[in-house]
Amino acid sequence: MTTPEEYDFIIIGAGSAGSVLAHRLSADPATRVLLLEAGGQDRDPWIHIPAGFFRNIYNPRLNWGFETEPVPGFAGRSIPWPRGRVLGGSSALNGLVYIRGQKEDFDLWRQMGNPGWSYEDVLPYFRKAENQERGANEYHGAGGPLDVSDLRMDHPLHAVFIAAAKEAGYAFNADFNGATQEGVGVYQMTIRGRRRCGAALAYLRPALGRRNLTVRTGALAERVLIEGSRAVGVAWRAGGVAQRARARAEILLAGGAVNSPQLLQLSGIGPAGLLAEHGIAVVADLPGVGENLQDHLNSRVVTRIARGPTLNEISRSLPRQGLAGLAWLLARRGPLMMGAGPLGLFARTREGPATPDVQYHFMAGSLDRPGAPMHPFPGASIACVPCRPESRGWIRIRSPDPAAPPRIQPNYLATENDRTTLIEGLRIARRLFGTAAMRPYVGGEVMPGTAVQTNEEWLAYIREKAGTGFHASGTCRMGSDPMAVVDPALRVRGVGALRVIDASVMPTVVSGNTNAATVMIAEKAADMILRPGAGVAAEAA
């Protein structure tokens, strides 16, 4: 066997976190960095068109194609779970909505025993990452790699939705990532010019010309190589050929909430009983690896629209599609500049929550789920996403074969509060369509239909139709208790020179879309690696 190549850092996964790490760690030309990605190059043109979200989110060429176990809360229904398998990872497929979460989300992380992760601690890394087109202020940064821009897609129903929300008692919010998240407004998007500004464009592309950065695509990581209690290398397979490399400094797992715990378990790091079941030698008995899985649910109310064309008609008309293409190409405007649900509302479903507990996405169009054809009638939809699910699931290997997908049990709707929050959230969506502002435009509710009224009827609809919010997180959570997988510096407990840096380290999922927070986690982690006195260590001192 040839002598394995040596690098200072090996990063596994070229998604949102991995791209950030590759960019920051390779900035020093004396540091050699290897980045492994199981997927391929991001050459599909629809990756780079913002509205390509609707086309690519379930694209099998760009997707791991995971599917959950039968979910008890869905009456035994299994659902597909898309995760990006391409340079940029899920940031190449996501809905582009730039939401950080609530201040209280990060303060809770600190209260759960994670020094250095309060809102005050993480805000500088959000600002460092951001190139905010409105300019810098106390909440936002300018000049960072990640472009954040205002929506450039107009529709008459947008103003109507905002008027309806105001009529229902919700204040207008010009910045969901500013002083408060609550209220109605227009989402900002991660868009640069007319292109999606995913992690590959923002972070990886500027670093690809560096001689000290090596990127290998089509490289399926099989296990982390461990000698004694220290991670020393990675074994992977590309084109059917087994390969290895060693790391002088550290190995950084950035595969996300599904792949990172899977790789740890394949490497002998995880629940001892699970590893023994599959004949894997135990390196570190960490029972929390793969546990604490969280995801946002997504359920929607859909109505027919009686006045004016919607995105549904555009999707079924070649002339209208042509005009949309020209608007995107020549003016950087129009339907192709839209991400998932361009307008938003954060609200409280009832008395009790101190902060908004549901997020809404309004769209002047309708479909059963992203990736499905739009409905054959003029439609509009309000998607409801509970912010802070209590239900917890798990990720577990089903085989010692690295190519075998893991078992995924999100365990949706396992608690009474989760069920009540979504039911009440959907009732608010229905009331918004019933406001005086909306009533002239609405031609009748299609989903779930006005026959659904009682809690039991709403729950039956949710069990049949609800799906993932695409925000898997929490499966390698940080903390200091026995179920924590990494410490607040994101170092794997009991194994030296190994960190997990992605959404899996979140103790609790943030209140909103997870991409911005994942980028922040990687920015902060890179700083902790390059400046050991930064962040957590500084607070501990």
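Which residue stands opposite V358 in β19? Keep that question in mind while you open the structure, which is a predicted model, and follow the stops below.

**Stop 1: strand β19 and its neighbours**

Begin by selecting residues 379-386, which form strand β19, and then add residue V358, which you will find standing opposite P386 of that strand. V358 belongs to the stretch 358-363, strand β18, which runs antiparallel to β19 and is joined to β19 by six bridges. A further pair to display in these two strands is M363 with S381, since M363 stands opposite S381 in β19.

Now add residues 297-305, strand β16, which is likewise antiparallel to β19 and connected to β19 through six bridges. Here the pair to pick out is R304 and G379, which are bridge partners.

Is β19 mostly covered or mostly open? Eight of its eight residues are buried, so to speak of the strand as mostly covered is fair. If you colour the two faces separately, you will see G379, S381, A383 and V385 on one side, with A380, I382, C384 and P386 on the other, and every one of these is buried.

**Stop 2: strand β18 and the strand beyond**

Return to β18, where six of the six residues are buried, so that this strand is largely enclosed by the rest of the structure. V358, Y360 and F362 point one way, while Q359, H361 and M363 point the other way, and all of them are buried.

Next select residues 343-347, strand β17, which pairs with β18 in the antiparallel sense over five bridges. Within that pairing, display L345 together with Y360, its bridge partner in β18.

**Stop 3: the nonpolar cores**

Two of the residues you have just seen in β18 lead to the next stop, because Y360 and F362 are among the residues with the most contacts inside the largest nonpolar core, the others being W81 and F161. This core has 84 residues, and helix α12 (residues 416-433) gives the most to it, with seven residues. As a general background, nonpolar side chains tend to be buried together in soluble globular proteins.

Select F161 and show what lies around it: leaving aside residues up to four places away in sequence, F161 touches V184, L343, G344, L345, F362, I382, L432 and M438. A second core, separate from the one above, has 80 residues and includes L123, A207, I501 and I529.

**Stop 4: helix α12 against helix α13**

Keep α12 on screen and add helix α13 (residues 455-465), whose axis is 10 Å from that of α12, the two packing at an angle of about 95°. The two helices are therefore roughly perpendicular to each other. To see the contact itself, select R419, L422, I423, E424, L426, R427 and R430 in α12, which meet N455, W458, L459, Y461, I462 and R463 in α13. By class, this contact contains seven nonpolar, one polar and five charged residues.

**Stop 5: helix α5 and its two partners**

Move to helix α5 (residues 119-129) and helix α14 (residues 515-530), which pack at about 105° with their axes 9 Å apart. These helices, too, are therefore roughly perpendicular to each other. From α5 the contact is made by V122, Y125, F126, K128 and A129, and from α14 by A516, A517, V519, M520, E523, K524 and D527. Eight of the contact residues are nonpolar, none is polar and four are charged.

Then show helix α4 (residues 103-111), whose axis comes within 8 Å of that of α5 and crosses it at roughly 120°. What does that angle make α4 relative to α5? It makes α4 oblique to α5. The residues to select are K103, F106 and D107 of α4, together with Y119, V122 and F126 of α5, and they divide into four nonpolar, no polar and two charged.

**Stop 6: a buried helix and a buried glycine**

Select residues 256-266, helix α8, where 11 of the 11 residues are buried, so that the helix is largely enclosed by the rest of the structure. After α8 comes G268, which has a positive phi, near 90°.

Finish at G52, which lies in the loop between α2 (45-48) and α3 (53-56). G52 is buried, with a relative accessible area of 0%. Add G95 to the selection as well, for although G52 and G95 are 43 residues apart in sequence, their C-alpha atoms are 8.8 Å apart in space.

Notes
Residues numbered from 1 in each chain as written. Predicted model: local features only at pLDDT ≥ 70, side-chain atom pairs only at ≥ 80, totals over all residues. Heavy atoms only, no water. Buried < 20%, exposed > 50% of the residue type's maximum accessible area, 1.4 Å probe, protein only. Helix = DSSP H or I, 4+ residues; strand = E, 2+ residues; numbered from the N terminus. Pairing = 2+ DSSP bridges. Core = buried A, V, L, I, M, F, W, Y, C linked by side-chain atoms within 4.5 Å. Contact = heavy atoms within 4.5 Å. Axes fitted to C-alpha atoms, helices over the stretch in contact; angles between N-to-C directions. Parallel < 35°, antiparallel > 145°, perpendicular 65-115°, else oblique. Nonpolar A, V, L, I, M, F, W, Y, C, P; charged D, E, K, R; others polar.
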